Amino acid sequence: MREIQITDKEYDKLIKRLEFFDTMRNNLLTFSFTSVLAVLGVALAMDMNSISAWICLIPFLLIIPFTARISYYRLASAHITSFLKSFGKLDMQFELGTNIVREGICKHYKLIAWLINHEMVLLSIATSLTFYLAYILSISEWKLYNYISLLIPVILTALVFIIADSTYSYKKLMDDYSAKWEQYIHEN
């Protein structure tokens, strides 16, 4: 087994990529909340019928791809950070120390962590509730397709949850990637 070292150039490149991922995640979240809440506010102000109530689900066209993008950035950040912890040890003392000095000392840390990593799920729920409010109040005579229509927001919200939850445990992502980097070190 030979010792693998990274260059300053590679280290700087990866740190810039991590900074980009953080900035983009924050920008996507800010844009998502602003856009979705604006659309829902307009939708709630409109006089809706059972057809126009479907406008309330338009935010899912933004929520689903942005959730995937945010989750990807989280996954890619764990990938890069685990690499840097393995190969840039001199420059990663804080990251190395987080194995012992963990963030979770706050009484409600798990709740806070869940909320931060499932923000798009909360937007999905708000979108679904707005649809339900508009749709249910506009139906005068319920038929089978009306009941089936109620499943669509549930399915869309479940999809958002699955995507967001796939990268929820940053520790698990880091552990899995770190194990792979260790395997890579021993094979080279």
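# Exercises on a predicted all-helix model

Pro65 is partly exposed, its relative accessible area being 42%. The model is predicted, and the exercises below work through its helices, its aromatic pairs and its overall dimensions.

## Exercise 1. Placing Pro65

Task: determine which helix holds Pro65, and how that helix compares with the span expected at 1.5 Å a residue.

Solution. Begin with the location: Pro65 belongs to helix 2. Next, take the length of this element, which has 28 residues and reaches 40 Å from its first C-alpha to its last, close to the 40 Å expected at 1.5 Å a residue. Then consider its surroundings: 21 of the 28 residues of helix 2 are buried, so helix 2 is largely enclosed by the rest of the structure. Pro65 itself is partly exposed, since 42% falls between the 20% limit for buried and the 50% limit for exposed. Finally, look across the chain, where the C-alpha atoms of Pro65 and Ile163 are separated by 9.6 Å although the two residues are 98 residues apart along the chain.

## Exercise 2. Helix 1 and its cover

Task: decide what span the 38 residues of helix 1 should have at 1.5 Å a residue, and establish what covers the buried residues of helix 1.

Solution. At 1.5 Å a residue, helix 1 should span 56 Å, and its end C-alpha atoms lie 55 Å apart, which agrees. The buried residues of helix 1 include Leu14, Leu18, Phe21, Arg25, Leu28 and Leu29, and further along Ser32, Val36, Leu40 and Ala43. To read such a list, recall that an α-helix has 3.6 residues a turn, so residues three or four places apart point the same way. The cover over the buried residues of helix 1 includes helix 2 and helix 5. The unreviewed UniProt entry annotates residues 26–45 as a transmembrane region, and over these residues the chain is 100% helix and 0% strand, with the end C-alpha atoms 29 Å apart.

## Exercise 3. Classifying two aromatic pairs

Task: among the 17 aromatic pairs of the structure, classify the pair of Phe21 and Tyr73 and the pair of Phe83 and Trp181.

Solution. A pair of aromatic rings is described by the distance of the centres and the angle of the planes. For Phe21 and Tyr73 the ring centres are 5.1 Å apart and the planes stand at 25°, so this pair is stacked, the limit being under 30 degrees. Phe21 lies in helix 1 and Tyr73 in helix 2, so the pair ties together parts that are 52 residues apart in sequence. Both partners are buried, Phe21 as well as Tyr73.

For Phe83 and Trp181 the centres are 4.9 Å apart and the planes stand at 65°, so this pair is edge-to-face, the limit being over 60 degrees. This second pair links distant parts of the chain, with Phe83 in helix 2 and Trp181 in helix 8, 98 residues apart. Phe83 is buried at a relative accessible area of 12%, and Trp181 likewise counts as buried at 16%.

## Exercise 4. Helix 5 and Ser128

Task: find which residues Ser128 is in contact with, leaving aside its neighbours within four places in sequence, and set Ser128 within its helix.

Solution. Ser128 sits in helix 5, which has 20 residues and reaches 29 Å between its first and last C-alpha, close to the 28 Å expected at 1.5 Å a residue. With a relative accessible area of 5%, Ser128 is buried, and other buried residues of helix 5 include Ser124, Thr127, Phe131, Tyr132 and Tyr135. Beyond its sequence neighbours, Ser128 is in contact with Phe60, Pro153 and Thr157. The cover over the buried residues of helix 5 includes helix 1, helix 2, helix 6 and helix 7. Ring pairs, moreover, join Phe131, Tyr132 and Tyr135 with Trp54, Trp142 and Tyr147 in a cluster.

## Exercise 5. The chain as a whole

Task: decide whether the protein chain is more spread out or less spread out than a compact globule.

Solution. The protein chain has eight helices and zero strands. Its radius of gyration is 22 Å, well over the 16 Å that the globule rule gives for 188 residues, so the protein chain is more spread out than a compact globule. The C-alpha atoms fill a box of roughly 75 × 35 × 25 Å along the principal axes. Buried residues make up 37% of the 188 residues. Of the contacts with a separation of 6 or more, 83% are between residues 24 or more positions apart.

Note on methods. Residues numbered from 1 in each chain as written. Predicted model: local features only at pLDDT ≥ 70, side-chain atom pairs only at ≥ 80, totals over all residues. Heavy atoms only, no water. Phe/Tyr/Trp six-rings, centres within 6.5 Å; stacked < 30°, edge-to-face > 60°. Helix = DSSP H or I, 4+ residues; strand = E, 2+ residues; numbered from the N terminus. Buried < 20%, exposed > 50% of the residue type's maximum accessible area, 1.4 Å probe, protein only. UniProt positions renumbered as here; feature names shortened; annotations may be inferred. Rg over C-alpha atoms; globule rule 2.2 N^0.38 Å. Contact = heavy atoms within 4.5 Å. Expected span 1.5 Å × (residues − 1).
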